[in-house]
Structures are given as C-alpha cells and as structure tokens.
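This report describes one protein model in plain terms. Please look at the sequence and the structure before reading on.

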Amino acid sequence: MAIGGSNKGAAFFMLNVGVPDGTSSIKFPYRHGAKKDQNNISSVFIHQLGFELKNTQKTENFYRNEWDHRYNQGKRACVRGSPCMVCLIKNTDYSNYGYVVFHVSSDGYCDLNDGLKIQCLSDSVEEYITLKEIVDAFSDENCPGLKDKTRILIIQACRYNPRNPTDLSDDAGVNVEMVSTPDFFTGQPEKGITQNNPSRIPSDLDPIDIPTNFLIIYSTTSHRFAKRNTVTGSWFEDELKKVVDAFPVDRPMYFLQVLTETASNVAKRESDPGGKKNVPCYEHRLTNSIIFRKC
Ligand SMILES: [Zn+2]
C-alpha cells in the first residue's frame, strides 16, 4: 500500500501508432498492431486495477509539441483547457492517488548522447522525445504532489543502437541446455532438453538516473528491438494482460511478481517466421511494495 493509504492510481497513456496515408506517414510509418497495446494496458490498469485515465482528451498520435509546449514555435504556452501532456501531468491533483502509471508505445532507439529516444509524429523531419524528459515530467520538482508516491513508467519502444548491424539488434536467442537436479547415484546433473532463451547484451548504452519511487519497465533490453505482432500487438502488453486476466480477484497482487511472470512468458515466445526473441526488463528505486487488488 502506498503512502497515504490510497490504492488508486492516475494513468497517462500515449500511443503513437501513426496515420495511414497522413501527412506524417513518411516520417512515422503506421505501426500495425500497436493500437492493441493501449487497449491491453487500459484493460489492465483502468478496468482491472481501477486507475483513472487523466488525458481523456487525447491518447493517440502525439506530435512533439503536444507532449511539451516548449517544442512550439517560440515556446508558445498552452492555451487554457488544452494542455500539453507535460502541463497536464504537472497540473493534475494527485492527493487522491497512491500511484501513477505512464504508458507510451512508439518507435524508438538509443542515442549515444541522449539515451533512449521515443518517436513522435512529424511531417518533415523525424522528431523524438527522450526517456529523460518523461522521467523529469513526473519528478518531484515538476509534480510536488507526487512526492513519496510510486511512479510506474512503461516504455514500449525499441532500444537498438542504429550504429549496430540489424543482426545484433534482433535477438536470435541462445541455446541453453536445461540441467536438472544431480543424479542420485552419480552426482552428475542430468542432461535435459535444450531451450532457446533470449540473450542479453551487457551494456551501459542508455543509462538513466532513476529517481526514488520510480519503476521503469522496458519492453526490451538495451541494444534490442522490441517485438510486436501485427494482430495481437506488442508482446509485453499482450502477456501482461494475460497474467493480470488470470490473477484471482480476492488476492493481493504483488506487481513485481506479475512483471516477473510477464517477462518469463514473453521470453518463451519466438517470432514466426524468424525465431527471434525478446525479453522485457525493469529497473527501479522503489521504497514501497507495489500491491494492487483487482476491482
Ligand atoms: Zn504545456
């Protein structure tokens, strides 16, 4: 239970899926299946965990200035009643909430200077916001009302390094020989089947300072593409919804356990065709357990 005793949460959703044949479609190609990501996250957090969506006016296809008005020409401020996301996040009253969840689904990559960058819609040149900007938007400084409250950021985006060959960005997996308990008579481990597991590249490619009370969930590990099915959507959201769907109503839900089970289920998947792998990961500086209940 979070500080203040409230199990309720505020939610902010941002799905950049693209507009087929729109003015943005050259720089931001339509992401088939990605609409499902927000549906899945909405099912989990709004419908099953009782969070309240705060950006009800707009949840899809953000240009960069719709994320932050400082990207307007001349940094023109927001007009009343139509805030950018950063202003909405800043001006929200969090007194009734114990948690915040932010979900973004878009294209992305890792920049050697700016870290993880998340693509916005644009008509002329490609435009991005950084993960650091998102963290800053929910910081104690920008949102004093969030101090001591848990902030969950779910980042559905690729994290490849464009300087690497594509082969490296796609996880071909690694065959792991499954070993069971030692044989009773010989003391030797019994050899079992081999299993194709995701492989992770150790990296400080996109380090970020995670503030206290933040949990950042990445749909993939550093250096890698995140996988999406054109019908069922991105693997992480799809598997998260299945885990939460199956969770009993009357039991406390330790959210980090849910994430572990979700990551395990994603790691078992393989792209077809291609046999490519994907595994989500998370980093945090939590000071409280995250315990939800289904409503
Ligand atoms: Zn604004």
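Over residues 1–5 the pLDDT (the predictor's confidence in each residue, from 0 to 100) stays under 50. For this stretch the model has 12 contacts beyond four places in sequence, where a contact means that the C-beta atoms of two residues, placed from the backbone, lie within 7 Å. The average pLDDT of the protein chain is 89, and 89% of the residues score at least 70. This is a predicted model, in which local features need pLDDT of at least 70 and side-chain atom pairs count only at pLDDT 80 or more, while totals for chains, interfaces and linings use all residues. Residues are numbered from 1 along each chain as its sequence is written.

**Overall make-up**

The protein chain contains 7 helices and 15 strands. These are DSSP runs numbered from the N terminus: helices are H or I with at least four residues, and strands are E with at least two. Of the 295 residues, 38% count as buried. A residue is buried if 20 or more other C-beta atoms lie within 10 Å of its own, exposed if 12 or fewer, and partly exposed in between, with C-beta atoms placed from the backbone. Among contacts between residues at least 6 apart in sequence, 71% join residues at least 24 apart.

**The core**

In soluble globular proteins, nonpolar side chains tend to be buried together. A nonpolar core is a set of buried Ala, Val, Leu, Ile, Met, Phe, Trp, Tyr and Cys residues joined through C-beta atoms within 7 Å. The largest one here has 63 residues, of which Val100, Val101, Phe102, Leu153, Ile155 and Ile217 touch the most other members. Strand β1 (residues 9–15) gives the most to this core, with 6 residues.

Val101 is in contact with Gly9, Ala11, Phe45, Phe51, Ile152 and Ile154, leaving aside neighbours within four places in sequence. Ile152 belongs to strand β7 and counts as buried because it has 25 C-beta neighbours inside 10 Å. With neighbours within four places again left aside, the contacts of Ile152 are Tyr99, Val100, Val101, Leu215 and Ile217.

**Strand β10 and its partners**

Which residues of β10 lie on each side of the strand? Phe214, Ile216 and Tyr218 are on one side and Leu215 and Ile217 on the other, and all are buried. Since 5 of the 5 residues of β10 (residues 214–218) are buried, the strand is largely enclosed by the rest of the structure. In a regular strand the side chains alternate between the two faces of the sheet.

Two strands pair if DSSP finds at least two bridges between them. The table lists two pairings of β10.

| Partner of β10 | Direction | Bridges | A bridge pair |
|---|---|---|---|
| β7 (residues 150–156) | parallel | 5 | Leu153 with Ile216 in β10 |
| β14 (residues 281–284) | antiparallel | 4 | Leu215 in β10 with His284 in β14 |

**An open sheet**

Another 3 strands form an open sheet in the order β4-β5-β6, with antiparallel pairing. β4 (108–111) and β6 (127–130) stand at the edges, each with a single partner strand, so one side of each has no neighbour in the sheet. Neighbouring strands of this sheet are turned by 40° against each other on average, direction ignored; the axes are lines fitted to C-alpha atoms. Strand β5 (residues 115–120) is joined to β6 by 4 bridges, and Cys120 stands opposite Glu127 in β6.

**Helix α6**

Helix α6 (residues 235–246) has 12 residues and reaches 17 Å from its first C-alpha to its last. This is close to the expected 16 Å, a span defined as 1.5 Å times one less than the number of residues. The buried residues of α6 include Trp235, Phe236, Leu240 and Val244. Those buried residues pack against α1 (35–48), β7, β11 (228–229), β12 (233–234) and α7 (255–267).

**Backbone exceptions**

Most residues other than glycine have a negative phi, and most peptide bonds are trans. Lys75, in the loop between α2 (64–67) and α3 (85–91), has a positive phi of about 55°. Lys75 is exposed, with 10 other C-beta atoms within 10 Å. His223, in the loop between β10 and β11, has a positive phi of about 80°. His223 is buried, with 20 other C-beta atoms within 10 Å. The peptide bond from Asp272 to Pro273 is cis, with omega near 5°, and Pro273 lies in the loop between α7 and β14.

Note on methods
Axes are lines fitted to C-alpha atoms, for helices over the stretch in contact, and angles run from 0 to 180 degrees between N-to-C directions.
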